[in-house]
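Q: Please take a close look at one part of this structure and explain how it connects with the rest. I am new to the structure, so a connected account would be most helpful.

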Amino acid sequence: FAKPVYNSYVLAAKLFEGLLSENAENENIYTIPTKDENGNYSVLLTYASKRHDERSVPDITETIHFEEDIKGRNVTLWCIDKDTTNPYSLYKKMGEPKMDDETIKTLRAEGNMKPIKEFVADGDITLDLTANCVYLIEVK
């Protein structure tokens, strides 16, 4: 099964070479904002405690601002967290069933990276962040 750490590398591979400056106000949010020569953005964002303590990073809503207006542009969101793209968490939620063919198929599907949302931006992007989540935001 594709594990979350592997999928984090899959997301990181979608970053562009043009590294931008960032200004996260929350000390538990880390971003790698990039932009290509065509003006497309790819931003990797993580929300995690410096102390590796889930209790110190409550669920929050965060607004992501870009250096230019992205209204009308196509946005794709990718996410890895405790409930998304996480076969182990799904296995636990399923009650730790025996690994029959159907269970394996379900868990493999859960581990495959896929966008969680695609839309046309109407302004800044708002994300609901949970402890230890990883997001990739693509704006084209």
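**From a buried loop residue to an enclosed strand**

A: Asn28 counts as buried, because its relative accessibility is 12%, and buried means under 20%. The model discussed here is a predicted one. Asn28 belongs to a loop, the one that lies between strand S1 (18–19) and strand S2 (29–35). Leaving aside residues up to four places away in sequence, Asn28 touches Thr46, Tyr47, Ala48, Ser49, Lys50, Ser56 and Val57.

One of these contacts, Thr46, leads on to another part of the structure. The bridge partner of Thr46 in strand S8 is Val134. Strand S3 (41–47) and S8 run antiparallel and are joined by seven bridges. S8 also pairs with strand S5 (74–80), again in the antiparallel sense, over six bridges. Within that second pairing, Leu77 has Ile137 of S8 as its bridge partner.

How many of the residues of S8 are buried? Seven of the seven are, so S8 is largely enclosed by the rest of the structure. In a regular strand, side chains alternate between the two faces of the sheet. In S8, both faces are covered. Cys133, Tyr135, Ile137 and Val139 are buried on one side, while Val134, Leu136 and Glu138 are buried on the other. Val134, the partner of Thr46, and Ile137, the partner of Leu77, thus appear on opposite lists, and both residues are buried.

Cys133 deserves separate attention. Its relative accessibility is 1%, so Cys133 counts as buried. Cys79 is likewise buried, at 1% relative accessibility. A disulfide is a covalent bond between the sulfur atoms of two cysteines. The cysteine sulfur closest to that of Cys79 is in Cys133, at 6.0 Å, which is too far for a bond. Cys133 is accordingly in no disulfide, and the structure as a whole holds zero disulfides.

Cys133 and Val134 also help to line the second largest pocket, whose volume is about 220 Å³. The other lining residues include Pro4, Val5 and Ser8, together with Ile80, Asp81, Lys82 and Asn86. Two elements give two or more residues to this lining, namely helix H1 (4–12) and strand S8 (133–139). H1 provides the largest share, with three residues. By class, the lining of the second largest pocket holds six nonpolar, three polar and three charged residues.

The largest pocket brings the account back to the strand that follows the loop of Asn28. About 470 Å³ of space lies in the largest pocket. It is lined by 19 residues, of which Glu22, Asn23, Thr31, Ile64 and His65 are the closest to its centre. Strands S2, S3 and S4 (60–64) each give two or more residues to the lining of the largest pocket. Nine of the lining residues are nonpolar, six are polar and four are charged.

Two other loop residues are of interest for their backbone. Most residues other than glycine have a negative phi. Thr85 is not a glycine, yet its phi is positive, at about 55°. The loop that holds Thr85 lies between S5 and helix H2 (87–93). Thr85 is buried, as its relative accessible area is 3%. Glu96, also not a glycine, has a positive phi of about 55°. Its place is in the loop between H2 and helix H3 (101–111). Is Glu96 buried or partly exposed? With a relative accessible area of 43%, Glu96 is partly exposed.

These parts may now be set within the whole. The protein has three helices and eight strands, and from the N terminus on its elements run α-β-β-β-β-β-α-α-β-β-β. The C-alpha atoms fill a box of roughly 50 × 30 × 25 Å along the principal axes. Of the 140 residues in the protein, 39% are buried. Among contacts with a separation of 6 or more, 69% join residues that are 24 or more positions apart.

Technical notes:
Residues are numbered from 1 along each chain as its sequence is written. This is a predicted model: local features need pLDDT of at least 70, side-chain atom pairs count only at pLDDT 80 or more; totals for chains, interfaces and linings use all residues. Side-chain values use heavy atoms; hydrogens and water are left out. Helices (H or I, at least four residues) and strands (E, at least two) are DSSP runs, numbered from the N terminus. Buried means under 20% relative accessible area, exposed over 50%, partly exposed in between (1.4 Å probe, protein chains only). Contact means heavy atoms within 4.5 Å. On a 1 Å grid over the protein atoms alone, a cavity is a set of points where a 1.4 Å probe fits but cannot get out, and a pocket is an open set with protein on both sides within 12 Å along at least five of seven lines; lining residues have an atom within 4 Å of a point. Grid points are joined across faces, edges and corners, and a volume is the space filled by probe spheres set on the points. Ala, Val, Leu, Ile, Met, Phe, Trp, Tyr, Cys and Pro count as nonpolar, Asp, Glu, Lys and Arg as charged, and the others, Gly among them, as polar. Two strands pair if DSSP finds at least two bridges between them. A disulfide is a pair of cysteine sulfur atoms within 2.5 Å.
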